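This report walks through a structure in short sections, beginning with the ligand and moving on to charged pairs, cysteines and a few single residues. Please keep the sequence and the 3D view open while reading.

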Amino acid sequence: MPEKVLVYAECKEGKLRRVAFEALGAARRLAGEDGEVHALLIRPGDALSETEALLARGAGTVHVASDPILGVYAPEVYLAVIRAAVDKVQPDTVLLGHTAAGRELAPRLAAAYDAGHVADVTAIEVAADGGASFTKPLYAGKAYEKRSFLPGGMRIVTIRPNNMEAAPVLDEGERSGTAAELSFAVPKLYTAVRSVVRRSGGQIDLSEADIVVSGGRGVRSAEGFEPLRKLAELLGGAVGASRAACDAGYCDYALQIGQTGKTVTPQLYIACGISGAIQHLAGMSGSRIIVAVNKDPDAPIFDVADYGIVGDLFEIVPLLTAEFDRL
Ligand code: FAD
């Protein structure tokens, strides 16, 4: 039977998240030549450019749910929309980003359909016979396991951002997808969002950033983060932090990376004044290239770093910024 895959193409602040395109890439591989790739867009208003972006990257049908109530994320409502899409498409597999919303919605969806669920998948291998295995990290990245689903029942999978290739853009002539409106019934709500207070804004989403410049206790103060911010800004990256830096009040907990913070997998991770505790490594050791700046040559961060600079971050970071600025 050809595989039908439904992707929840999550948006953030009106724009499609990159993980939506990564999920679409995975969906195309899972569906193969004969299968169907469906995408679900949930928007409070106009969805034209997002629909086009999904069609351009190979979505066969983009189901668009648009209603003003969708302007504020409420899990009950979003789940109702996803269920409406599932009932319409009858997919074999549903893919969501392993984002805050994806982590909340996927288990609810799996429970609603008595479906199998694998979370935080970093790789999907599709065998020649169409069978697929899903790799997920365990024990904060110290081990990996490969899971496959037993036949029968729907599969619900969340995908860790920044780990899979985004679906490539197709040539005009190869695009054959269409958009369809999706209707849904608004469920009874038990809670209401009264206000949303943004605590750290303006910067690129940490979990999807290609470059992260991170600071630890060695940064010494909130002002000490300024050189890191300058470097991140120049490189088009985001600023992260260790828990010690957050605990000391140098920055907001929203920036914390690690076991009890965010997991990041950027192309480049620059750790400044971070010792490399196991709990911090849990959140960043999957980064493609790790650069460590630390004045202690024995700091454990150097064990995982691809490049290490032994020195004072307040000298090294401005030097790096000046060098990158010259390029
Ligand atoms: P430190 O370990 O104090 O290291 C500071 C480093 O800065 C040192 O290596 C020092 O040589 C260097 N340094 C100082 N001054 C300079 C300078 N001028 N230039 C260059 N280098 C300098 N931690 C996390 O990060 N994320 C988590 O999610 C997390 N979760 C945890 C969960 C649990 C249950 C527990 C028990 C701990 C958790 N921790 C977490 C805390 C973790 O164990 C470490 O305490 C923390 O990561 C240390 O942060 P740090 O490297 O910034 O500080």
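## Around the ligand

In this predicted model, the ligand is surrounded by 25 residues, and the closest of them are Arg 217, Ser 242, Thr 260, Ser 275 and Asn 294. When the residues of this shell are sorted by character, they divide into 6 nonpolar, 14 polar and 5 charged.

Several contacts can be followed at the level of single atoms. In the side chain of Asn 294, an N or O atom is 2.7 Å from an oxygen atom of the ligand. His 280 also offers a polar side-chain atom, which lies 2.9 Å from an oxygen atom of the ligand, whereas for Arg 243 it is a backbone N or O atom that lies 2.9 Å from a ligand oxygen. On its own the ligand has 980 Å² of accessible area, and the protein covers 76% of that area. The elements that give two or more residues to the shell are helix H6 (243–247), helix H7 (278–284) and helix H9 (313–326).

## Salt bridges across the sequence

Side chains of opposite charge can pair when their charged atoms come close. The structure holds 15 salt bridges, and three of these pairs are described here one at a time.

What do the side chains of Arg 155 and Glu 3 form where they meet? They form a salt bridge, with a distance of 2.8 Å from N to O. Arg 155 lies in strand E11 (residues 155–159), while Glu 3 lies in the segment before strand E1 (4–8), so this pair ties together parts that are 152 residues apart in sequence. Because buried means under 20% relative accessible area, Arg 155 counts as buried at 13%, and Glu 3 counts as buried at 14%.

Arg 17 and Asp 205 also meet through their side chains in a salt bridge, here at 2.2 Å from N to O. Arg 17 is found in the loop between strand E3 (15–16) and helix H1 (18–31), and Asp 205 in the loop between strand E12 (178–181) and strand E13 (211–215), so the pair ties together parts that are 188 residues apart in sequence. Both Arg 17 and Asp 205 are buried.

A third salt bridge joins the side chains of Glu 125 and Lys 146, with 2.8 Å from N to O. Glu 125 belongs to strand E8 (residues 123–126) and Lys 146 to strand E10 (residues 143–147), so the parts tied together by this pair are 21 residues apart in sequence. Glu 125 has a relative accessibility of 42% and counts as partly exposed, whereas Lys 146, at 54%, counts as exposed. Elsewhere, salt bridges that share partners join Glu 10, Lys 12, Arg 17, Asp 205 and Glu 208 into one network.

## Cysteines

How many disulfides are counted? The count comes to 0 disulfides. Cys 272 is therefore in no disulfide, since a disulfide needs two cysteine sulfur atoms within 2.5 Å, and the nearest cysteine sulfur, that of Cys 251, is 12 Å away. Cys 272 is buried, with a relative accessible area of 0%.

## Three residues in loops

Thr 265 and Gln 259 can be looked at together, as both are found in the loop between H6 and strand E15 (268–272). Is each of them buried or exposed? Thr 265 counts as buried, at 6% relative accessibility, while Gln 259 is exposed, with a relative accessible area of 54%. The side chain of Thr 265 is joined to that of Asn 163 by a polar contact of 3.2 Å. Gln 259 can be compared in position with Val 118, from which it is 141 residues apart in sequence and 19 Å apart in space, taken from C-alpha to C-alpha.

Arg 160 is found in another part of the chain, in the loop between E11 and E12. With a relative accessible area of 14%, Arg 160 is buried, and a polar contact of 2.9 Å joins its side chain to the side chain of Asp 120.

Key:
Residues numbered from 1 in each chain as written. Predicted model: local features only at pLDDT ≥ 70, side-chain atom pairs only at ≥ 80, totals over all residues. Heavy atoms only, no water. Near = heavy atom within 4 Å. Polar contact = N/O pair within 3.5 Å; in protein donor to acceptor, adjacent residues only side chain to side chain. Areas by Shrake-Rupley, 256 points an atom, 1.4 Å probe, with all protein chains shown as cover. Helix = DSSP H or I, 4+ residues; strand = E, 2+ residues; numbered from the N terminus. Nonpolar A, V, L, I, M, F, W, Y, C, P; charged D, E, K, R; others polar. Salt bridge = Lys/Arg side-chain N within 4 Å of Asp/Glu carboxyl O. Buried < 20%, exposed > 50% of the residue type's maximum accessible area, 1.4 Å probe, protein only.
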